[in-house]
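Student: Please take a close look with me at one part of this model, the interface between the chains. I would like each term explained when it comes up.

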Amino acid sequence: MSQLATVPKPRRNIELLLLVLALIVGITANALVNLNLGKTFDNDFYTQCVVLTVLSLAVHISLRLRAKYADPVILPVVVALNGIGLAVIHRLDITSGDTAGQRQWLWTGLAVAAAVAVIWVVKDHRILRRYTYISLALSVILLLMPLVPGLSAGDVNGATVWIKLGPFTFQPGEIAKITLAIFFAGYLSSNRDLILLAGRKIGPLQLPRVKDLAPMIVAWLASVGVLVFQHDLGTSVLFFGLFMVMIYVATSRISWIFIGLVLIAVGGFAAYQIFPHVARRIDVWVHAFDPQYIGAAGGSYQVVQGLFGMANGGLIGTGFGQGSPQTVPLANSDMIIASIGEELGLVGLFAVVCLYALLVARGFRAALGTRDAFGKLLAVGLAFAVALQCFVIIGGVTRLIPLTGLTTPFLAAGGSSLLANWIIVALILKISDAARRPINVSADSPQTPHQEVQTP
Amino acid sequence: MNQAIRNSWIVAIALFVLLFGSISYVQFFAADSLNSNPSNNRQLLATFCNNRGPILVGGHPIAESVATNSDCKYQRKYNDPYLYAGLTGFFSLSNGQYGIEAAMKEQLAGTSTDALFERISQAFTGATPQGRSVELTIDANLQKLAYSMIPDGVPGSIVVMNPKTGAILAMVSKPSYDTNLMASHDKETVAKAYDNLVGQPNTNLFGSPAFKQLYAPGSVFKLIDTAAALESGKYNKDSVLPNPAELAFPGINYTLPNYRYGQCDSQSKATFTFALENSCNTPFASIALNLGQDAITKEAEKFGFNDSSVKIPIGVETSRFPGSSGTLDQPGLAQSAIGQRDVQATPLEIAMMTAAIANGGKQMQPNLVQTVRTPDLQTVQSLTPQVLRQSTTPEVAKQITDWMVSVVDNGIASGAAVPGVKVAGKTGTAEVANNLNNAWFTGFAPADDPQVVVTIVMPNVDVVTGAQLTSPNASKLFKAVLKK
């Protein structure tokens, strides 16, 4: 473990400055929507400006008090993304008469509150290592919830991944992403020596012992289970990718990647053969522009409409309210990238993807900088999960890969995704705080009286 | 461990690079092909509910966008829909766009590339986007008169045009339909109307049969045989043609009979004058057999047959004369020479052919659009007469004109005569089936200074009805245009 030299400065004022820029982005976007669609600047608009500012400042102040060495770029990036998402959802509401925007504001409030709670409650990310197996149990429960009669919201757009909580629906799989990452990080950081040293060597490949394969089997079962019982290809890919990268980082062994790829190939081929909905996804992807597939139920209408929208936007976009992103089914959730591409153009979409890349980069930076294996694994897992999720959904929308229903982090309408991603950000912030904090103040020190570091 | 983290970071970056690539591909490199994909109705959606420009006839809108209270802010409304259905066409979301509505869609929507300045100024002033107006060459009174000449329930088409400019003054067909049925914002209503209209016999939803429907032209095609004969140098105005009652072909049990209703049978030789006045078949069949198929095909193409590029600006159905040599046997060539068998023409093509003769052999580009104006009434496009092609020499045109005058003065098109005006004309009676014919008249007036071409076709009528509905109506149209 090489130690990177970090500058022992809190950088909270830089964060505040960037935060102001991010707020300007979000608020300007919202104002442009109102201007271009002929809406008056009523109380709602000003309330929203205040709410977004207060929420951002709440996180900022929490960081000042509880994680003052946290990475100063992460929070502004996330606030900008969340603000753009709110503006686009608001814009689509105006055309469709939906009220997704109000729900999204509510969820944004809840998600930020959860992030603040994590920043305050999780004093040091290493505490989470204690909950390795509880996280596993929690993951299993969360993943099974949508299949429980009475709790399940049934089949929504072909996937059984939702539960009903009073008036709200919730996707427990989003939270399971976090608990699984905690489990893998905990398990792998405790057992990496065993996994590394035991086992047979066949040719250039160091094969692990069967008992050490257990977590991989768990991951594989979780992925396949999600695919089989919940018809959710995107989440399945996400879980498996998450685990692959974490075990690779834990062991630095290419052999694990190799085993993983074999499992993916076997699972993928079997899924293509056994499950009609998987085969259908592939067919629809290959023949997307065939009018037969466009017209068919569950066909390529959605992705093709999205592509038409993005092409309509071209380089600079039509501008808010000037395109017709509402023609694309699920324009404010799964297809929000197409909506942004149409109205903000290639330029706008590049900016959004750059924000994601920046966020992921800061996550990896935290992983590199932090000193404990658990923190490294958790940060890499969470950051890579965000990257993979972006890739699966944006790649799907742009027809780089078959379209599967994953949410676009921070942008898409949907509370569970927002909640999960803000928690992820809070965790990455905490890890980055540990990474950037000067070593001599990491133990009990007068500057951080609240810091009770638990040594693992 | 950190090396593995860096490697994973490279993988993550690679994923983002792939995304940048695929976004660039969709929004830049493939954008044009996606925008023109036949399944893409984005452009349509973008302008469908806009204030599209009106289509005008004599300053009055025959199609206009009327403000509504619904989300779709403007409703297309057609005035006198039956009279103009074949020209305006319609503009629907899911059942296609046709006619001037489709051919001029960018101008009407104000999205044509040269309308950039208007779009920018509309964007700055906050005005709702408004399209340009398209004024047609149509004369409303003439259009109404022509339309009233076709009895209800009988299919038929009439084309009136100016041979010197190519401007179409009237173009009507029956049966027609109510274009407002296709203008509803409710997709299902439109789909129902569409299914219902498509099923109706002789109704052409996609444009007036005057330029979208092909008919056997019958004897009006003999004008092209005549031009071919004179141009070949093998014939002159005094040539005497064989005029047997029947034309026999060696080794085949088929004879081509002469025209039954004139005086053809009274003599076995004929001059061009006699053969045209009485529309005899066998003289023209003999010309075609003598000159060969290539010569007749070439002549037909010089008058506009086999040209798929004609736009008024709506695309015109291609009139056909069998092309490369060898495709017709001798009886086939003989039959084609008198406008039967494989020869197919739109009424507009016959009008264009006639206009070329009237205009000293110069065929003008036919056109329906007089002017295009911006919302603030600046003219951005107006009709400039263009020569489409030289169909024949002025001398040949003059000679054929003289003969066509005698067809009206002394021959079977006498019903087209107008007192005090020299009218040139030619009738056609193409046999279809069950003793029914396509009855044609095509001609122009005044013969010495042609102002107007009239072409009338009444398909599937008996001979008497056909005669009543063609030449006398042409006479009335000549009178209306020449104010006689």
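What follows begins with how the model is to be read, turns to the interface, and ends with charged pairs.

Tutor: This is a predicted model, in which local features need pLDDT of at least 70 and side-chain atom pairs count only at pLDDT 80 or more, while totals for chains, interfaces and linings use all residues; side-chain values use heavy atoms, with hydrogens and water left out. Residues are numbered from 1 along each chain as its sequence is written, and chains are lettered from A and ligands numbered from 1 in the order in which they are written.

The pLDDT (the predictor's confidence in each residue, from 0 to 100) averages 86 in chain A, where 93% of the residues score at least 70. Over residues 442–456 of chain A, however, the pLDDT is below 50, and this stretch has 19 contacts in the model beyond near neighbours in sequence, a contact being heavy atoms within 4.5 Å. Where pLDDT is low, the predicted coordinates should not be read in detail.

Now to the interface itself, where 31 residues of chain B are in contact with 53 residues of chain A. The buried area (the accessible area, with a 1.4 Å probe, that two parts lose on being put together, summed over both) is about 3700 Å² between chain B and chain A, and carbon and sulfur atoms give 73% of it. On the side of chain B, the residues that lose the most area to chain A are Met1(B), Gln27(B) and Arg42(B), which together account for 23% of what that side buries.

No salt bridge (a side-chain nitrogen of Lys or Arg within 4 Å of a carboxyl oxygen of Asp or Glu) is counted between chain B and chain A. There are, on the other hand, six residue pairs in polar contact between these chains, with both residues at pLDDT 80 or more; a polar contact is a pair of N or O atoms within 3.5 Å, where within protein one must be able to donate a hydrogen and the other to accept it, and where residues adjacent in sequence count only if both atoms are side-chain atoms.

Which helices of chain B each supply at least two residues of the side that touches chain A? They are H1 (2–29), H2 (31–35) and H3 (42–48), helices (H or I, at least four residues) and strands (E, at least two) being DSSP runs numbered from the N terminus. H1(B) gives the most, with 20 residues. That side of chain B divides into 17 nonpolar, 12 polar and two charged residues, where Ala, Val, Leu, Ile, Met, Phe, Trp, Tyr, Cys and Pro count as nonpolar, Asp, Glu, Lys and Arg as charged, and the others, Gly among them, as polar.

Finally, although chain B and chain A share zero salt bridges, the count over all chains comes to 18. Side chains of opposite charge can pair when their charged atoms come close. One such pair is Arg12(A) and Glu15(A), whose side chains meet at 2.7 Å, N to O; both lie in helix H1 (residues 12–36) of chain A, three residues apart, about one turn of the helix. Arg12(A) is buried, at 4% relative accessibility, and Glu15(A) is buried at 0%, where buried means under 20% relative accessible area, exposed over 50%, and partly exposed in between (1.4 Å probe, protein chains only). In chain B, Arg52(B), Arg76(B) and Glu101(B) are linked in a network of salt bridges.
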